[in-house]
Amino acid sequence: MSLQSKYSKEVRKELSLFPIWIPGAKVEPGDIGTINKGIFERQTSLAQMYPDLKFKVTQSSLSTPFRFVSKDSHAGTISGSAQMPTGSLPADVDASVEVRFGSKGGVVFSANGITQYSIDNLHEVRSFLEEQRSTWPHSYVLAGTIHRAQKFTVLVSDEAGVTATLSGDAEALKQFDLAHASVSVKSMSSNGYQTQGQGAVTLRTYGFNLFGYGSKLLSDDEKPPSSDEFIEVSARDPNFD
């Protein structure tokens with residue numbers, strides 16, 4: 001499994017959102033593209049395809065950071081130059097933490113300061129696109145919501161035994177806040193991918209139900225939506241694995 005595929009599968013499983021690859025890449029609400037192995041790939045936009053269609057984008061701040069570590073991976077004990085007391089730690093105490101990936105590799109994802117950008121009149125946009133069904137490119141999807149982070153840290157490995165060392169504020173590391181402003185990646189062994197930055201990290205997409213999106217998630221007595229409906233595409237659909 002490629003690093004991109006590993007990253008996509010873990011993000012979709014943990015956050016129920018599609019990841020943006022590479023993290024921080026420029027993706028906007030209203031962008032149109034394809035989903036390749038669970039990764040959104042921009043091809044065009046609503047403004048380019050339907051210049052007469054008007055849509056508005058609203059933004060809101062999310063109170064909860066996006067944060068997870070693959071279940072088969074773990075973080076080692078924090079170490080530092082000072083004894084770590086229980087409770088709160090002085091803000092100027094530096095420390096380090098080692099992340100060890102599991103037998104099949106894994107993903108560490110931490111993103112702080114999330115702002116959500118969404119198409120405000122999405123219902124009207126979806127209705128318009130349903131009327132324009134014949135002009136919509138086969139298998140394309142619409143980026144309806146984008147999540148941007150003030151800072152993110154991403155580590156990905158597809159091999160066993162890979163380790164990464166991060167350092168920064170001890171209190172932040174104690175809380176496993178790897179996207180804290182003080183935290184940096186000092187090293188990562190073997191083959192893997194690591195990045196820190198800011199920008200778009202995840203998105204929600206919408207499209208026509210050509211391939212039975214979500215069909216594997218339905219019970220026996222449920223039917224998938226019609227292929228003429230412009231619906232949200234489930235990021236947890238196993239068809240993307």
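How much area does the protein chain expose, and what share of it do carbon and sulfur atoms supply? The chain exposes about 11,800 Å², and carbon and sulfur atoms supply 46% of that area. Keep in mind as you look around that this is a predicted model.

**Getting your bearings**

Start with the overall layout. The protein chain has 241 residues, and buried residues make up 46% of them. Its secondary structure comes to 4 helices and 15 strands. The contacts reach a long way along the sequence: among those between residues at least 6 apart, 77% join residues at least 24 apart.

**Helix H1**

Helix H1 covers residues 3–15. At 1.5 Å a residue, its 13 residues should span 18 Å, and the end C-alpha atoms are indeed 18 Å apart, so the two values agree. Several residues of H1 are buried, including Tyr7, Val11 and Leu15. What do the buried residues of H1 pack against? Their partners are S1, S3, S5, S9, S11 and S14. Just after H1 comes serine 16, which takes a positive phi of about 55 degrees.

**Strand S2 and its partners**

Next, find strand S2, residues 31–36. S2 is mostly covered, with 5 of its 6 residues buried. S2 pairs with S3 in the antiparallel sense over 6 bridges, and asparagine 36 has isoleucine 39 in S3 as its bridge partner. These two strands form a hairpin with 2 residues between them. In the turn, lysine 37 has a positive phi of about 55 degrees.

S2 also pairs with S11, again in the antiparallel sense, over 2 bridges. Here isoleucine 32 stands opposite leucine 142 in S11.

**Strand S8**

Strand S8 (residues 94–100) is another one to look at for its pairings. It runs antiparallel to strand S6 (residues 74–75), and 2 bridges join them. One spot to look for is alanine 75, whose bridge partner in S8 is valine 99. S8 also pairs with strand S12 (residues 163–169), in the antiparallel sense and over 7 bridges. Serine 96 has serine 167 in S12 as its bridge partner.

**Salt bridges**

Now for the charged side chains. Side chains of opposite charge can pair when their charged atoms come close. In this model the count comes to 9 salt bridges, and three of them are set out here.

| Salt bridge | Closest N and O atoms |
|---|---|
| Glutamate 28 – arginine 148 | 2.5 Å |
| Arginine 42 – aspartate 31 | 3.1 Å |
| Lysine 56 – aspartate 120 | 3.9 Å |

Where does the first pair sit? Glutamate 28 lies in the loop between strands S1 and S2 and arginine 148 lies in strand S11, so the pair ties together parts that are 120 residues apart in sequence. Glutamate 28 is partly exposed, with a relative accessible area of 28%.

Arginine 42 and aspartate 31 take us back to the hairpin strands: arginine 42 is in S3 and aspartate 31 is in S2, 11 residues apart. Is aspartate 31 buried or exposed? It is buried, because its relative accessible area is 5% and buried means under 20%. Arginine 42, at 41% relative accessibility, counts as partly exposed.

Lysine 56 and aspartate 120 both sit in loops. Lysine 56 is in the loop between helix H2 and strand S4, and aspartate 120 is in the loop between strand S10 and helix H3, 64 residues apart. Lysine 56 counts as exposed at 52% relative accessibility, while aspartate 120 is partly exposed at 44%.

**Aromatic rings**

A pair of aromatic rings is described by the distance of the centres and the angle of the planes. A search of the whole structure finds 9 aromatic pairs. In one of them, phenylalanine 68 and phenylalanine 109 have ring centres 5.6 Å apart and planes at 10 degrees, so the pair is stacked. Phenylalanine 68 belongs to strand S5 and phenylalanine 109 to strand S9, 41 residues apart. Both residues are buried.

Tryptophan 136 and phenylalanine 230 make another pair, with ring centres 5.2 Å apart and planes at 85 degrees, so this one is edge-to-face. Tryptophan 136 lies in the loop between H3 and S11, phenylalanine 230 in strand S15, and they are 94 residues apart. Both of these are buried too.

Finally, which residues form one aromatic cluster? They are Tyr7, Trp21, Phe68, Phe109 and Tyr193. Tyr7 also appears among the buried residues of H1.

Terms used
Residues are numbered from 1 along each chain as its sequence is written. This is a predicted model: local features need pLDDT of at least 70, side-chain atom pairs count only at pLDDT 80 or more; totals for chains, interfaces and linings use all residues. Side-chain values use heavy atoms; hydrogens and water are left out. A salt bridge is a side-chain nitrogen of Lys or Arg within 4 Å of a carboxyl oxygen of Asp or Glu. Buried means under 20% relative accessible area, exposed over 50%, partly exposed in between (1.4 Å probe, protein chains only). Two strands pair if DSSP finds at least two bridges between them. Contact means heavy atoms within 4.5 Å. Accessible areas come from the Shrake-Rupley method with a 1.4 Å probe; for residues, only the protein chains shown count as cover. The expected span of a helix is 1.5 Å times one less than its number of residues. Rings of Phe, Tyr and Trp (its six-membered ring) pair if their centres lie within 6.5 Å; planes under 30 degrees apart count as stacked, over 60 as edge-to-face and the rest as tilted.
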